[in-house]
Each structure stands twice: as structure tokens, then as C-alpha cells.
Amino acid sequence: MDSEHHETPFGCQMEALRGVGGYTYLLEPLWWAGMITMIIGEIANFVAYIYAPAVLVTPLGALSIIVSAVLAHFLLKERLQKMGVVGCLSCIVGSVIIVIHAPQEHTPDSVEEIWDLATQPAFLVYIAAIASLVLALMLYFEPRYGHVNILVYLGICSLMGSLTVMSIKAIGIAIRLTLEGISQVAYPQTWLFVTVAVVCVITQLNYLNKALDTFNAALVSPVYYAMFTTLTIIASAIMFKDWSGQNASTIVSELCGFITVLSGTIILHSTREQQPVSSQGSVAWYISGDSMKSIEEHLITISNSHYTEE
């Protein structure tokens, strides 16, 4: 039988399956429950940036990884290995250290004050460096190394992500002041921060999806977390001067806590159990335009205990 009889019907069946089941998850109550809780979590994360420094909020995002691992263990039957438990404990210990030594933040009283922080020479140098690196990665490195080096896509995501957090924090403070009766809507700086946030978020999501399409998610997640968190801490320390007034021992303790969280995240992802491959599969093909036939095909497993060389 020639190759046309094998490939064409199978391709038609794959297209049919995509057309039929592409959006069936919208009918699942569990999917909606997950979507709603994710939205609530992002809103809470947004509020956290208003009242706490980014150097505290961003590293604590690793706690979501722990929750995901625990829920996957019970709901999806993905076994959490012993080293995975060690990774979870490391994230918890590191998070406690960060919280204990977290700096006290001075909250700006207006968008204009935030703008003054964003236009200080040190942060302008940081913005110029970010823009230069992003353009270099997009224009030179992505066409040549984007599909072979994970740092290209994730570098763009992380660099833009640090600016996203700074803009989101400014927008959150503007919203809080407006709700308190001090309207910030008329300030052009407010809408400039909104524009920057939208551009950065779109760019960030675009290249994150490229990274996930190209590389293993188990590798993307810890690398992206490490780069994004590190750059966000640096950006916040420059713009909002999070570490001003703290002594060297406190800053070192915070950095140790972050390194502990980072180590736990890497351990947790590196020990993720691979999903077992099913020993059975189904093959379906079209006989005519409006009928389909399915058969069950058992895959043959060859092992040392059952294979005898003739």
C-alpha cells in the first residue's frame, strides 16, 4: 500500500478531532473553577504590588509552584517524589527568610512622584540597557539562535517582565489613590504607564509562548522564574530603592532566601515524574466523506524478559 493511503486519511482524522474537541473544555466546570481561581489570584497579586515591595512579592510567587505540585499529586495523580518534597520545603524556608527580612516600602503619594522615580538617572540607564538587550535579542539572536538556545526567548520575556512589574505597580498605586479620592486619571503619566504595561505584557506573552512551543516546559519554568525574578528585584531596587536604609546583613539574608527559593524551584521541576506512556492506542480513519471506522490497536512492547532472538 502506498504512502498516500496511510498519510492522507490520518491527516483528515486529526483535523476532524481538532475541529470537534478544540473547545470542549469550556463545558467543564473544573476548567471554569480553575480559570476563576487563577483570575482571583492575579488580582490578589496585583493588589500585593500596591502595598508591598516587588523584592518581597515576586520571589513569593514560587509558592504557587508548591501549590501546583501538591494539587497535581492529589487531583492529577502525578506522584511527588522525595526530592520534590525537598524542593517544596526549600521554597517554604526561603520564602520565610525573605518575609522576615523584607524591607519597609515608602508608598508614593502621586503618579508624579512615581514618574520622578522612573526618570531618575539610574533607572533611565537601566531602561536603556533593557531596550538595547531586547532589540539585540529580537533582531540578531532570535533569527539565528532562538530555536536552539532557551535564553533568547526567555531573556526577552524576563527583560520586558521587569518593566511590566514596575508599570503594574505604578498603575496599582494610581488606582488606589483614585479610590481614596485623589484622582490620578488626568495625569498623562498614568496613561503612559498603562501603555508601557500593555506593550510589555503582549511582548512577554508572545515570547513566552514561543519558548513553551520550542522547549520543554519543565525547563522553561525554572529558568524563566529565575531570570524574571532576578531582573524584577534589580529593577525595583533601582527605581523604588527597596534596600535603602537596610544594613548589609539584612540584604544578604534576603538574597540567601531568594537563592534558597530558586534552588527549591529547580529541584522541584527537575524531579517531575514523567507521564507513563500508555500501552494501548486507537487508530481511526475515514472510509468515506460521512462515515468513519475505528479500531483498537495494541502496541507491541519488546522487553528483555519477553524477547527471544531467533
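## Helix 10 and Tyr225

Y225 is found in helix 10, which covers residues 217–239. The model described here is predicted. With a relative accessible area of 9%, Y225 counts as buried. Along the chain, Y225 and L154 are 71 residues apart, while their C-alpha atoms are separated by 9.5 Å.

## Overall architecture

The protein has 310 residues, and buried residues make up 35% of them. It contains eleven helices and two strands. Read along the sequence, the helices come before the strands, in the pattern α-α-α-α-α-α-α-α-α-α-α-β-β.

A second pair of residues links distant parts of the sequence. L262 belongs to helix 11 and is buried, at 18% relative accessible area. In sequence, L262 and S90 are 172 residues apart, yet in space their C-alpha atoms are 8.5 Å apart.

## Annotated transmembrane regions

An unreviewed UniProt entry lists residues 30–51, 57–76, 83–103, 123–141, 150–179, 191–208, 215–239 and 251–268 under "transmembrane region". These positions come from the record, and such annotations may be inferred rather than shown by experiment.

Two of the listed spans can be compared with the model. Residues 123–141 are 100% helix and 0% strand, and the C-alpha atoms at the two ends lie 25 Å apart. For residues 215–239, the end C-alpha atoms lie 33 Å apart, and the span is 92% helix and 0% strand.

## Salt bridges

How many salt bridges does a search of the whole structure find? The search finds two. In one of them, the side chains of E142 and K210 meet, with a distance of 3.0 Å from N to O. E142 lies in helix 7 and K210 in helix 9, so this pair ties together parts that are 68 residues apart in sequence. E142 is buried, with a relative accessible area of 14%, whereas K210 is partly exposed, at 27%.

The side chains of R176 and E180 also meet in a salt bridge, at 3.1 Å from N to O. R176 is buried, with a relative accessible area of 13%.

## Cysteines

How many disulfides does the structure contain? The count comes to zero. C91 illustrates the reasoning: a disulfide requires two cysteine sulfur atoms within 2.5 Å. The cysteine sulfur closest to that of C91 belongs to C88 and is 6.5 Å away, which is too far for a bond.

C91 is buried, with a relative accessible area of 0%. C157 is likewise buried, and its relative accessibility is 0%.

## The enclosed cavity

Rolling a probe the size of a water molecule over the atoms shows where empty space is left. In this structure, there is one cavity of 30 Å³ or more. The largest cavity has a volume of about 80 Å³. Its lining consists of V55, L56, P59, I98, A102, P103, I233, W243, E254, L255 and F258. Two elements give two or more residues to this lining, namely helix 3 (54–57) and helix 11 (248–270).

Which helix gives the most to the lining of the largest cavity? Helix 11 does, with three residues. By class, the lining of the largest cavity has ten nonpolar residues, no polar residues and one charged residue. The charged residue is E254, because Glu counts as charged.

## The second largest pocket

The second largest pocket has a volume of about 240 Å³. It is lined by 13 residues, and those nearest its centre are A118, F123, I127, F193 and V196. The elements that give two or more residues to its lining are helix 6 (111–118), helix 7 (121–145), helix 8 (150–179) and helix 9 (188–214). Helix 7 and helix 9 are also the elements that hold E142 and K210, respectively.

Which classes of residue line the second largest pocket? Eleven of the lining residues are nonpolar and two are polar, while no charged residues are present.

Key
Residues numbered from 1 in each chain as written. Predicted model: local features only at pLDDT ≥ 70, side-chain atom pairs only at ≥ 80, totals over all residues. Heavy atoms only, no water. 1 Å grid on protein atoms, 1.4 Å probe; cavity = no way out; pocket = protein on both sides within 12 Å on 5 of 7 lines; lining within 4 Å. Points joined across faces, edges and corners; volume = space filled by probe spheres on them. Helix = DSSP H or I, 4+ residues; strand = E, 2+ residues; numbered from the N terminus. Buried < 20%, exposed > 50% of the residue type's maximum accessible area, 1.4 Å probe, protein only. Salt bridge = Lys/Arg side-chain N within 4 Å of Asp/Glu carboxyl O.
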